[in-house]
Amino acid sequence: MRKTLVRQRLVAITCLAAVLFNAPVLWLVDSTATVFGVPALYAYMFGVWSAFIAVIAWVVERR
């Protein structure tokens, strides 16, 4: 039971990542604005990417 729940959560996280890294969503962030001197698109991509790594680690390592 535990393996199937983890597998379902990882599939859901992967689907969410596919949506958030899809072109129409990236176009919403693509602008000339900056976040602490970094272009908003780069800050968004790095932030979402690092959040997904953290969430995946939390799901896999949770007991």
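Begin by selecting Ala 40, Leu 41, Tyr 44, Val 48, Phe 52 and Val 59 in helix H3, which are buried (under 20% relative accessible area, with exposed meaning over 50% and partly exposed in between, for a 1.4 Å probe and protein chains only). Viewed down the axis of H3, these buried residues fall within an arc of 95°, so they line one face of the helix; the arc is that of the directions from the helix axis to the C-beta atoms. The model is predicted: local features need pLDDT of at least 70 and side-chain atom pairs count only at pLDDT 80 or more, while totals for chains, interfaces and linings use all residues. Residues are numbered from 1 along each chain as its sequence is written, and side-chain values use heavy atoms, with hydrogens and water left out.

**The whole of helix H3**

Extend the selection to residues 40-61, the 22 residues of H3. Helices (H or I, at least four residues) and strands (E, at least two) are DSSP runs, numbered from the N terminus. From its first C-alpha to its last, H3 reaches 31 Å, close to the 32 Å expected at 1.5 Å a residue; the expected span is 1.5 Å times one less than the number of residues. Turn to the other side of H3, where Tyr 42, Phe 46, Trp 58 and Glu 61 are exposed.

**The packing partners and the core**

Next, display helix H1 (2-20), helix H2 (23-29), strand E1 (34-35) and strand E2 (38-39), against which the buried residues of H3 pack. The largest nonpolar core has 11 residues in all, among them Val 6, Ile 13, Ala 17, Leu 26 and Val 29. Such a core is a set of buried Ala, Val, Leu, Ile, Met, Phe, Trp, Tyr and Cys residues joined through side-chain atoms within 4.5 Å. The elements giving two or more residues to this core are H1, H2 and H3, and H3 gives the most, with 6 residues.

Centre the view on Tyr 44, in helix H3, which counts as buried at 18% relative accessibility. Apart from its neighbours within four places in sequence, Tyr 44 is in contact with Leu 20, Val 25, Leu 26 and Val 29, where contact means heavy atoms within 4.5 Å.

**The aromatic pairs**

A search of the whole structure finds 2 aromatic pairs. Rings of Phe, Tyr and Trp (its six-membered ring) pair if their centres lie within 6.5 Å; planes under 30 degrees apart count as stacked, over 60 as edge-to-face and the rest as tilted. Select Phe 21 and Phe 52: their ring centres are 6.4 Å apart and their planes are at 45°, so the pair is tilted. This pair links distant parts of the chain, with Phe 21 in the loop between H1 and H2 and Phe 52 in helix H3, 31 residues apart. Phe 21 is partly exposed, with a relative accessible area of 30%, whereas Phe 52 is buried at 11%.

Now select Phe 46 and Trp 49, whose ring centres are 5.8 Å apart with planes at 50°, so this pair is tilted. Both residues lie in helix H3, 3 residues apart, about one turn of the helix. Phe 46 is exposed, with a relative accessible area of 53%, and Trp 49 is partly exposed at 47%.

**Two last stops**

At Trp 58, add Arg 62: its charged end sits over the ring of Trp 58, 4.8 Å from the ring centre. The criterion is NZ of Lys or CZ of Arg within 6 Å of the ring centre and within 35 degrees of the ring normal.

Finish at Phe 36, in the loop between E1 and E2. Phe 36 has a positive phi of about 55° although it is not a glycine, and Phe 36 is exposed, with a relative accessible area of 87%.
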